[in-house]
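Student: I should like to reason through this protein step by step. May we begin once the sequence and the model are before us?

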Amino acid sequence: MAKNILVDGKMRKVIKEVKESCDRCHKEVIGLITDYGNKGYYRRNAMWGEFMSPDENVLCDECMHNDPRYKQQFPFANRRLW
Ligand SMILES: [Zn+2]
């Protein structure tokens, strides 16, 4: 799959499409892995792990954006920052 998508004004290369399951609402999410990062879901890492419970590794955009810790950290942007 050779596809590019526009993310915040820059063309990013889509590496692959993935199906993930949100660990909080258990909804299935179709996400994209790009050369710049994941789109459509959040996977635990040093940054996003702060907004997840210990047993959560994947959150959909909606659950992340509704998380009180996320809202506190990003009060002006109810969306991912890239
Ligand atoms: Zn969710």
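**Contacts, core and sheet**

Student: Leaving aside its neighbours within four places in sequence, with which residues is Tyr42 in contact?

Tutor: In this predicted model, two residues are in contact if their C-beta atoms, placed from the backbone, lie within 7 Å. With neighbours within four places in sequence set aside, the contacts of Tyr42 are Trp48, Leu59 and Met64.

Student: What confidence does the protein average?

Tutor: This is a predicted model, in which local features need pLDDT of at least 70 and side-chain atom pairs count only at pLDDT 80 or more, while totals for chains, interfaces and linings use all residues. Residues are numbered from 1 along each chain as its sequence is written. The score pLDDT is the predictor's confidence in each residue, from 0 to 100. In the protein 89% of the residues score at least 70, and the average pLDDT is 89.

Student: In which pattern do the helices and strands follow one another along the sequence?

Tutor: Helices (H or I, at least four residues) and strands (E, at least two) are DSSP runs, numbered from the N terminus. The protein has two helices and six strands. Mean confidence is lowest in strand 1, at 86, and highest in strand 6, at 97. Read along the sequence, the pattern is β-β-β-β-β-β-α-α.

Student: Is Tyr42 buried or exposed?

Tutor: Tyr42 belongs to strand 5. A residue is buried if 20 or more other C-beta atoms lie within 10 Å of its own, exposed if 12 or fewer, and partly exposed in between, with C-beta atoms placed from the backbone. Because Tyr42 has 28 other C-beta atoms within 10 Å, it is buried.

Student: Which element supplies the largest share of the largest nonpolar core?

Tutor: A nonpolar core is a set of buried Ala, Val, Leu, Ile, Met, Phe, Trp, Tyr and Cys residues joined through C-beta atoms within 7 Å. The largest one has ten residues: Tyr41, Tyr42, Trp48, Phe51, Met52, Val58, Leu59, Cys60, Cys63 and Met64. Strand 5 (41-43), strand 6 (58-60) and helix 1 (61-66) each supply at least two residues of this core. Its largest share, three residues, comes from strand 6.

Student: How far apart are the C-alpha atoms of Tyr42 and Val58?

Tutor: Both residues belong to the largest nonpolar core. They are 16 residues apart along the chain, yet their C-alpha atoms are separated by 5.6 Å.

Student: Which residues does Met64 touch, not counting residues up to four places away in sequence?

Tutor: Met64 is another member of the largest core. Beyond four places in sequence, Met64 touches Tyr42, Phe51, Leu59 and Tyr70.

Student: In what order do the four strands of the open sheet lie?

Tutor: Two strands pair if DSSP finds at least two bridges between them. Strand 1 and strand 2 run antiparallel, joined by five bridges; strand 2 (residues 10-21) and strand 3 (residues 28-34) are antiparallel over seven bridges. Strand 3 also pairs in the antiparallel sense with strand 4 (residues 37-39), over three bridges. The open sheet therefore has antiparallel pairing, in the order 1-2-3-4.

Student: Which are the edge strands of this four-strand sheet?

Tutor: The four strands form an open sheet. Two of its strands pair on one side only, namely strand 1 (3-7) and strand 4.

Student: How many residues of strand 1 are buried?

Tutor: Strand 1 has five residues and lies largely in the open. This is so because the number of them that is buried is zero.

Student: Which residue takes a positive phi in the hairpin of strand 1 and strand 2?

Tutor: Ile5 stands opposite Arg12 in strand 2. The hairpin has two residues between the strands, and a positive phi near 50° is taken by Asp8.

Student: Which residue takes a positive phi in the hairpin of strand 2 and strand 3?

Tutor: The bridge partner of Ser21 in strand 3 is Glu28. Six residues lie between the strands of this hairpin, and a positive phi near 65° is taken by His26.

Student: Which residues does Gly40 touch, not counting residues up to four places away in sequence?

Tutor: Gly40 is found in the loop between strand 4 and strand 5. It counts as partly exposed because it has 15 C-beta neighbours inside 10 Å. Beyond four places in sequence, Gly40 touches Val29, Ile30, Gly31, Leu32 and Asp61.
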